[in-house]
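Student: Can we walk through this structure together? I'd like to start with the basics.

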Amino acid sequence: LADEIAKWHSSYVTNPRTENDAFCFDTKEGDSMLISPVFDGFAATPSQRIELTCGSDAGGTCEFYWTGTTNTKFGGFAPEKRTSLALEQGAVRIFPVEPFWQAEKKIIRLRLDFPHRPAAHYTIKSIRIVETVPTAPTLLPVKDPALDSNGEWRAHVSLNAADAGFITL
């Protein structure tokens with residue numbers, strides 16, 4: 001996967017290289033980013049998530065952009081087609097991102113923007129799209145739900161909005 005990420009177009013990135021099955025690079029001050037080539041695409045669903053397996057010597061906010069077209073001023077990318085990610089400083093680990101991009105219908109290109117800072121070092125092992133398996137709807141209320149290995153509870157919730165004034169998660 002690192003060799004595939006190395007083919008992405010970059011901006012404000014220096015010293016790109018592949019080491020130990022990871023794509024490593026440094027960022028310069030400015031709008032540093034990686035932009036994927038246009039690919040065949042896949043159908044966008046609400047149960048997909050992006051898993052960024054990454055490490056960095058600096059934390060901050062990254063942003064994943066996605067698009068189903070290239071026919072716009074910025075190659076299909078737009079502020080309304082992005083999801084932020086809090087990247088923590090430290091060793092390589094998985095950062096899950098839930099883009100909720102199903103309105104796009106089909107994804108053909110991705111972009112990953114890095115925090116604006118003077119310089120940082122990044123190690124990316126992979127960027128994957130993961131489809132979560134839908135479960136049977138969960139009836140409310142739910143008490144003490146079982147958490148997965150990431151400390152998250154995921155469920156499809158069945159709720160008749162006419163019967164409830166609000167929902168708290």
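Tutor: First, a term. Helices and strands here are DSSP runs, numbered from the N terminus; a helix needs at least four residues and a strand at least two. With that in hand, K105 is found in the loop between β9 and β10. Keep in mind that this is a predicted model.

Student: Ok. How many helices and strands does the chain have?

Tutor: One helix and 14 strands.

Student: What box do the C-alpha atoms fill?

Tutor: Roughly 55 × 40 × 25 Å, taken along the principal axes. The chain has 169 residues, and 37% of them count as buried.

Student: What share of the contacts comes from residues 24 or more positions apart?

Tutor: Among contacts with a separation of 6 or more, they account for 68%.

Student: Let's do sheets. What order do the strands take in the open sheet that has β2 in it?

Tutor: The order is β2-β3-β12-β6-β9. Those five strands pair antiparallel. At the edges are β2 (13–19) and β9 (90–97), each pairing on one side only. From one strand to the next, the twist averages 25 degrees.

Student: What holds paired strands together in general?

Tutor: Backbone hydrogen bonds, with the strands running either parallel or antiparallel.

Student: How many bridges join β2 to β3?

Tutor: Five, and the two strands run antiparallel. Strand β3 covers residues 22–28. For one bridge, take T14: its partner in β3 is D26.

Student: And the open sheet with β1, what is its order?

Tutor: β1-β4-β11-β7-β8, five strands with antiparallel pairing. Its edges are β1 (9–11) and β8 (82–87). Each has a single partner strand, so one side of each is left without a neighbour in the sheet. The twist in this sheet averages 15 degrees from one strand to the next.

Student: Which residue in β11 is the bridge partner of I35?

Tutor: R111. Three bridges join β4 (residues 33–35) to β11 (residues 109–113), and these strands run antiparallel.

Student: Back to the loop between β9 and β10. Is K105 buried or exposed?

Tutor: Exposed. Its relative accessible area is 62%, and the cut-off for exposed is over 50%. Phi of K105 is near 70 degrees, a positive value in a residue other than glycine.

Student: Which loop holds F100?

Tutor: The loop between β9 and β10 (106–107). F100 has a positive phi too, near 50 degrees, and is not a glycine. At 53% relative accessibility, F100 counts as exposed.

Student: What does P46 contact, leaving aside its neighbours within four places in sequence?

Tutor: F100 and Q102. P46 itself lies in the loop between β5 (42–43) and β6 (48–56).

Student: Why does P46 count as partly exposed?

Tutor: Because its relative accessibility is 49%. Partly exposed sits between the buried cut-off, under 20%, and the exposed one, over 50%.

Student: How far apart are P46 and D57?

Tutor: 11 residues in sequence, and 32 Å in space, C-alpha to C-alpha.

Student: New topic, pockets. How much space lies in the second largest pocket?

Tutor: About 230 Å³. It is lined by 12 residues, and those closest to its centre are E4, W8, S36, F39 and I127. Two elements give two or more residues to that lining: α1 (2–5) and β12 (119–131).

Student: What classes make up the lining of the second largest pocket?

Tutor: Nine nonpolar residues, one polar and two charged.

Notes
Residues are numbered from 1 along each chain as its sequence is written. This is a predicted model: local features need pLDDT of at least 70, side-chain atom pairs count only at pLDDT 80 or more; totals for chains, interfaces and linings use all residues. Side-chain values use heavy atoms; hydrogens and water are left out. On a 1 Å grid over the protein atoms alone, a cavity is a set of points where a 1.4 Å probe fits but cannot get out, and a pocket is an open set with protein on both sides within 12 Å along at least five of seven lines; lining residues have an atom within 4 Å of a point. Grid points are joined across faces, edges and corners, and a volume is the space filled by probe spheres set on the points. Ala, Val, Leu, Ile, Met, Phe, Trp, Tyr, Cys and Pro count as nonpolar, Asp, Glu, Lys and Arg as charged, and the others, Gly among them, as polar. Buried means under 20% relative accessible area, exposed over 50%, partly exposed in between (1.4 Å probe, protein chains only). Contact means heavy atoms within 4.5 Å. Two strands pair if DSSP finds at least two bridges between them. Axes are lines fitted to C-alpha atoms, for helices over the stretch in contact, and angles run from 0 to 180 degrees between N-to-C directions.
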